Amino acid sequence: MRYYLILFLLFSFYANSQGQVLENNPPSVKWKQIVTPGFRVIYPENFSGNAQDLANKLQSLHQPESESMGDKPPKRISIVLQNKNAVSNGFVTLGPRRSEFQTMPPQDYNFIGNNEWLDLLAVHEFRHVIQYQHSKTGFNRVLYYLFGENTQAAMAYCAAPPWFWEGDAVATETAFTSSGRGRMPSFNRAFRANLLDKKQYNYHKQHLRSYKDFIPNHYVLGYHFVTHLRREKQDKNVWEDVSHTSFFWPFVPFMFSNSMKIHTGSFLVPSYNHMMDELDGLWTEQLKGLELSSFERVNNRKGEGFTDYQFPQELSNGGVIALKSGIADIQTIVQLDEKGKETRVFTPGIMNLGGMLSLENDILVWNEYNYDPRWRQKNYSVIKAYDFNSGEAKTITRKSRYTSAALSPDGERIVAAANSEEGKNYLAVIDYNSGNEQDKYSDPDNALYAMARWDSSGDQVVALKISDSKKQIVSIDLKSRTEKVLMDAGDENVGHPVLQGEWLFYNSPYNGIDNIYAKNINSGSIYQVTSSKFGAYNPSISRKGQWIYYNDYTADGFDVVKVPFQPENWKALENVEDRSLKYYEPLVEQEGHKDILANVEKKEYEEKNYSKLGHAFNIHSWGPYATTDLTRAQLGVFSRNVLSTTDISLGYTYDIQEKTGYASANVSYQGWFPIFDLSVSKGDRSSTETVRVDGEPQNVDFNWKETQASAGVRLPLLLTRSKYHSQLEVSNEVELTKVSDYNQEDRAFLDQQANGNLITNAVGLSYYRLLKQSARDINSKWGQSIAFSHTSSPFTADYDAGQTAARLTLYFPGILKNHSFYVRGALQHKKWKVDTLSNDTYLLRNQIPLPRGYSHSTWEDFYSLSFNYTLPLWYPDVALGPILNIKRLRANLFYDYGYGKIDVVNYEQRRQLKAQGTFNSIGADFLFDVNFLRFPPEFSLGVRVTSAQASTYSAGGIKVEFLLANINF
């Protein structure tokens, strides 16, 4: 219970946004709103038509989606449509309560299926709204009234595991549409492969993931668990009952498991084991008697853990390129020779894959995300290219919204799917050399075109076309502006079309397992080209037409394989056995609302302006909370508007260590290019210091009243344009500190104020450039991090202060994969009137890391240098019952050096000067990355052993400290 109390306090913490950068839009965006009985749809004024359609669809879901959670439909919620964001995503959150839809549709057919993008978001995200509403019950309702939305959300997530939240939402999208992820074999292929070709992982590993093995995410586990129990109990409300009891008692340990026992007769882990046994049987039966394709594998595996080699295509020299990534590898373009030898060629930036890559004339094109420096809700999907002959990479387009780029056979044009901020879908033809848009092609009904690619002649484009939740493969002659249907797939989730002469190749789950099929567009005959155990994807034809390269999925990741181009060996579609499991069918029957958005009654809602100023104040949480270091308890009211421009907090803080309290108010306005922060506080302060009285040390209490006011401006700039994550921030803050009612006659310590005022101006600059990381990487292999601060007191006041500090960290690869070596250097200068020991100088806190293993006083000048080598030691994946799950043991070996001049604060006298001091220490941190009580947040626990060299001012010796997330005790 003590642990749960701490957990409650931690999750109840509401971070003041000063220091945070909220995700919002430029101030030039004008917002409109549509209000329905259940929703307030907030959208940019140029997105009006789509907003009307979405408002009608959301309202049609309001009652039906709530039925299997047993609640009345939720109260009205704000839905914010973000049309300047090129990332295809959506979310629901509390604090403040809202949902955001990022409107650009994805291209990967194994994500969107046959759904329209906003339809899929509406069904999936509204289920999360219902879940949050359902969680406000029993003691969690009491916690909401006491503390507000943040605490309600935090305790709801304590009460139910993440897989329940997402699994229930995926189950809902599968039951309410004709093409949810639960219908797609690709969604569970990693789950199937692990179970059938590796072993049945225990619940803790499946739920909490692993650094040793690739474990599919909580969406996959959750969908199968939720569906399994609804199938077994034949009850669409079974999870309503389980979650209701758990939400009612959110602070009781393992209440979710206990609730499962109450309502289903089985605790969580036995129920999970039963699900795994059921799936093992079903998936084993699905493969029984299946004749698998023979093929030649191109890549070699080195036993380095789960690794994908995706999107194979042939170079002119006979080599094959692939996109490599894995549990221990970041995304890298590699070249494979005829013996499978691998050569790393190029590391792309943050990729927007769209389920494909395109190679022509030894030039590879793909899409990456680029970001607006200031506005986090404004980003782009640009086209980049790499020339294998010249070794040069280039950016083709800038500030664009293109996806699934494909190069023409002559290398002069690129076709890409595009989506405008107004929500219009079209195909764009772009000049490779200039990046200019030459032509565009769209459907009158705004159908979505996806995964477009040129045919082998370069005269036509073949693409997927999604309209009214149905799918086609079409060819488009851009010169004549004519479109021809090559395949009317209907509900069949076809993808990755490739047109080679008279043959149309595509992926399909036709027989219940994803495979590659081919249609002869002259005869209309369809054939199954591959027969894979877990899935075959991404066909490409060799330059001379002799081979078909594709990806075959294994439990260790995607392999690049090839088979001869021999149509006589393919199986006619009429001879293909349907092995589909349709695990989802009971969900569809229970809900009774299949394809609910196919026929929605249209109503014209009134559109009004949405005032940012009028909605700036939005209280969402209140009451007491604790800071993350558990040193202060606070009582306050917190406000943030749904457009994330204004953050306000008002409250009273009690310092547990000082046993004093003060009132404060904080405002952060982030709707303009620079961020403006204001803060005011007033209250009591105290400290206890050791002084010498008649030669003997004594503890003396110091009490005073303190008023602080600060005003600051920040400019955070996101500069990521490549494989390096980069950000720059500059800031300036003016702070007034006024001390009164000091209980001592004079100033007893140089690092503590007495009665009087201190006015400081602090300038800050920070920059980092860090290589993206794999799951196993502890640090970036390459990178730089710089921080600089300068504090002065240029304004007339009772006290004077000055300090300059700089920190630099350089990251390098270690000896082995996932090892890292980094060097950290720092320097600091404090302003001090050495000749007079003046009492009007205020000493500021240290802002640089000091050598480990020592206790430090304050130096006028200090320099430090640290060498660190970080490495993983062991991936145990050991669960000690439900209490502790151990995922990784890692170590950091270090050597620290420090040099200081003029110690201006002596521990006992506080006024004695020292000339200089040198510090040397070596040591090691040993940290276990663990989970407690089945909660996904990962903690680092361990010890630090330091051997410090004795010096003039330190006895040195061996010191052992306990670490919690690198916080030492």
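The following paragraphs go through this structure from the whole chain down to single strands and one loop residue.

The model is predicted, so local features are given at pLDDT of at least 70 and side-chain atom pairs at pLDDT 80 or more, while totals for chains, interfaces and linings use all residues. Residues are numbered from 1 along each chain as its sequence is written, and side-chain values use heavy atoms, with hydrogens and water left out.

The protein chain contains 14 helices and 51 strands. Helices (H or I, at least four residues) and strands (E, at least two) are DSSP runs, numbered from the N terminus. With a radius of gyration of 31 Å, close to the 30 Å that the globule rule gives for 969 residues, the chain is as compact as a globular protein of that length. That radius is taken over C-alpha atoms, and the rule is 2.2 Å times the number of residues to the power 0.38. The C-alpha trace spans about 105 × 60 × 55 Å along its principal axes.

Of the 969 residues, 57% count as buried. Buried means under 20% relative accessible area, exposed over 50%, and partly exposed in between (1.4 Å probe, protein chains only). The accessible surface comes to about 39500 Å², and carbon and sulfur atoms hold 51% of it; areas come from the Shrake-Rupley method with a 1.4 Å probe, and for residues only the protein chains shown count as cover. Among contacts (heavy atoms within 4.5 Å) with a separation of 6 or more, 59% join residues 24 or more positions apart.

The interior can be followed through its nonpolar cores, each a set of buried Ala, Val, Leu, Ile, Met, Phe, Trp, Tyr and Cys residues joined through side-chain atoms within 4.5 Å. The largest has 72 residues, and the members touching the most others are Val-41, Leu-81, Trp-163, Phe-164, Phe-225, Trp-239 and Phe-256. Helix α4 (residues 117-135) supplies the largest share of this core, ten residues. A second, separate core of 42 residues includes Ile-327, Ala-406, Leu-486 and Phe-558. Back in the largest core, Trp-163 touches residues beyond four places away in sequence, including Tyr-203, His-207, His-218, Phe-225 and Leu-268.

Strand β13 (residues 379-387) is largely enclosed by the rest of the structure, because nine of its nine residues are buried. Asn-379, Ser-381, Ile-383, Ala-385 and Asp-387 point one way from β13, and Tyr-380, Val-382, Lys-384 and Tyr-386 the other way. Two strands pair if DSSP finds at least two bridges between them. Strand β12 (residues 363-371) runs antiparallel to β13 and is joined to it by nine bridges, with Ile-363 partnered by Asp-387. Strand β14 (residues 392-395) also pairs with β13 in the antiparallel sense, over four bridges, and Lys-394 of β14 stands opposite Ala-385. These two strands, β13 and β14, form a hairpin with four residues between them, and Gly-391 in the turn has a positive phi of about 75°.

Further along the chain, an open antiparallel sheet has five strands in the order β23-β24-β25-β26-β30. Its edges are β23 (495-500) and β30 (571-572), each with a single partner strand, so one side of each lacks a neighbour in the sheet. Within it, β25 (residues 515-520) and β26 (residues 526-528) pair over three bridges, and Ala-518 stands opposite Tyr-527.

Last comes Thr-645, in the loop between β33 (632-640) and β34 (646-655). Thr-645 is buried, with a relative accessible area of 8%. Beyond four places in sequence, Thr-645 touches Asn-24, Ser-668, Tyr-669, Gln-670 and Gly-671.
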